[in-house]
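Work through the exercises below with the sequence and the model at hand. Each task is followed by a solution in steps.

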Amino acid sequence: MATLQSLSPAFRPSIPAPNSHAFPAATPFNSSPKFLGSKGLSISLRHSIISTRVSNSEYSSQIAETLGDVSIFTASGEPVRFSDLWDQNQGVAVVALLRHFGCPCCWELASALKESKERFDSAGVKLIAVGIGSPNKARMLANRLPFPMDLLYADPDRKAYDVLNLYYGFGRTFFNPASTKVFSRFHALQKAVKNYTIEATPDDRSGVLQQGGMFVFRGKELLYARKDEGTGDHAPLDDVFNVCCKAPVA
């Protein structure tokens with residue numbers, strides 16, 4: 001079985017342009033084509049890799065209110081609603097939906113968010129990181145990485161991921177070309193997983209096929225949305241920061 005050390009960082013095949021969008025105020029937008037596949041582990045390999053069918057879906061101007069009704073957990077285990085995570089009037093927030101807490105690429109993104117926290121704080125932007133798994137799995141990442149527990153939340157049932165229609169499936173997780181981007185961040189990945197434990201993987205193994213995404217809100221207004229195309233296909237934080245800087249902070 002391949003290990004992180006056996007993966008060659010020199011392998012950098014060409015990949016499609018990132019699937020990211022910045023939006024004007026109160027403008028509905030089309031999300032990327034949804035990868036079709038079963039939300040269970042019985043998804044067929046044939047459809048995961050070669051299916052070209054898509055469905056066009058749209059985030060409505062009410063998406064923040066819909067997301068706000070979703071209940072998740074703090075890393076310490078307390079239930080909390082999304083609407084309570086940032087100022088719903090004019091507060092600017094970056095909501096990073098990680099993959100599951102046992103994914104090495106999740107640890108790498110969490111590390112990058114932690115390193116960028118001071119930069120976002122200085123701009124008056126709140127960072128929120130949500131991962132898949134129970135609160136005790138979130139604490140494993142927070143303690144070992146380490147990562148600020150007050151910024152980390154657990155969504156064991158992937159409720160927010162479903163609301164935001166994020167990609168899911170075997171092909172997306174293991175075979176999407178966008179996943180090769182991780183080779184360009186190989187050393188950052190090695191550093192992030194220094195204290196990694198596979199025990200952080202959620203008990204419900206269906207969660208390992210879920211992809212994440214990055215969203216920027218100003219109050220209830222969605223400013224930016226990016227759905228990860230594959231494992232390790234993270235939004236460029238410089239792009240996210242630039243969107244935040246264009247949003248006036250109350």
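## Exercise 1: A hairpin and its cover

Met-214 has Arg-226 as its bridge partner in β10. The model is a predicted one.

**Task.** Find how strands β9 and β10 pair and over how many bridges. Then describe the turn of the hairpin and state how many residues of β10 are buried.

**Solution.**
- Step 1. Locate the strands: β9 covers residues 213–218, and β10 covers residues 221–227.
- Step 2. Read the pairing. β9 and β10 are antiparallel, with six bridges.
- Step 3. Look at the turn. Two residues separate β9 from β10 in this hairpin. Gly-219 sits in the turn, with a positive phi of about 60 degrees.
- Step 4. Check the cover. Seven of the seven residues of β10 are buried, so the strand is mostly covered.

## Exercise 2: One strand, two partners

**Task.** Which strands does β4 bridge to, and which residues are the bridge partners of Ile-72 and Thr-74?

**Solution.**
- Step 1. Start with β5. Strand β4 (residues 71–74) pairs antiparallel with β5 (residues 79–81) over three bridges.
- Step 2. Pick out a bridge. Ile-72 is partnered by Val-80 in β5.
- Step 3. Describe the connection. β4 and β5 make a hairpin with four residues between them. In its turn, Gly-77 has a positive phi of about 105 degrees.
- Step 4. Turn to β8 (residues 152–154). β4 and β8 run antiparallel and are joined by two bridges. Here Thr-74 has Tyr-153 of β8 as its bridge partner.

## Exercise 3: The buried face of α8

**Task.** Which residues of α8 are buried, and why do they line one face of the helix?

**Solution.**
- Step 1. List the buried residues of α8 (residues 237–245). They are Leu-237, Val-240, Phe-241, Val-243 and Cys-244.
- Step 2. Look down the axis. The buried residues of α8 fall within an arc of 160 degrees, so they line one face.
- Step 3. Recall the helix geometry. An α-helix has 3.6 residues a turn, so residues three or four places apart point the same way.

## Exercise 4: Packing around α3

**Task.** Classify the packing of α3 against α8 and against α4. Give the handedness of the α8 crossing and of the α4 crossing.

**Solution.**
- Step 1. Take α3 (residues 104–122) with α8. Their axes lie 12 Å apart, at an angle of about 25 degrees.
- Step 2. Apply the cut-off. Angles under 35 degrees count as roughly parallel, so α3 is roughly parallel to α8. The crossing of α3 with α8 is right-handed.
- Step 3. Take α3 with α4 (residues 135–144). Their axes come within 11 Å and cross at roughly 55 degrees.
- Step 4. Classify this pair. α3 is oblique to α4. The crossing of α3 with α4 is right-handed.

## Exercise 5: Free cysteines

**Task.** How many disulfides does the structure hold? For Cys-105 and Cys-244, find the nearest cysteine sulfur.

**Solution.**
- Step 1. Count the disulfides. There are zero.
- Step 2. Examine Cys-105. The nearest cysteine sulfur belongs to Cys-103, 4.5 Å away, and Cys-105 is in no disulfide. The cut-off for a disulfide is a sulfur pair within 2.5 Å.
- Step 3. Examine Cys-244. Its nearest cysteine sulfur is that of Cys-245, at 6.9 Å, and Cys-244 is in no disulfide.
- Step 4. Add the accessibility. Cys-105 is buried at 9% relative accessible area. Cys-244 is buried at 2%.

## Exercise 6: Backbone exceptions

**Task.** Where do Pro-146, Arg-158 and Asn-165 lie, and what are the backbone angles at Leu-145 to Pro-146, Arg-158 and Asn-165?

**Solution.**
- Step 1. Recall the background. Most residues other than glycine have a negative phi, and most peptide bonds are trans.
- Step 2. Go to the loop between α4 and β8, where Pro-146 lies. The peptide bond from Leu-145 to Pro-146 is cis, with omega near -10 degrees.
- Step 3. Move to the loop between β8 and α5, which holds Arg-158. Phi of Arg-158 is positive, near 55 degrees. Arg-158 is buried, at 9% relative accessibility.
- Step 4. Finish in the loop between α5 and α6, the place of Asn-165. Phi of Asn-165 is positive, near 55 degrees. Asn-165 is buried, with a relative accessible area of 18%.

Note on methods. Residues are numbered from 1 along each chain as its sequence is written. This is a predicted model: local features need pLDDT of at least 70, side-chain atom pairs count only at pLDDT 80 or more; totals for chains, interfaces and linings use all residues. Side-chain values use heavy atoms; hydrogens and water are left out. Buried means under 20% relative accessible area, exposed over 50%, partly exposed in between (1.4 Å probe, protein chains only). The arc is that of the directions from the helix axis to the C-beta atoms. Two strands pair if DSSP finds at least two bridges between them. Axes are lines fitted to C-alpha atoms, for helices over the stretch in contact, and angles run from 0 to 180 degrees between N-to-C directions. Angles under 35 degrees count as roughly parallel, over 145 as roughly antiparallel, 65 to 115 as roughly perpendicular and the rest as oblique. A crossing is left-handed if the near helix is turned anticlockwise from the far one by less than a right angle, and right-handed if clockwise.
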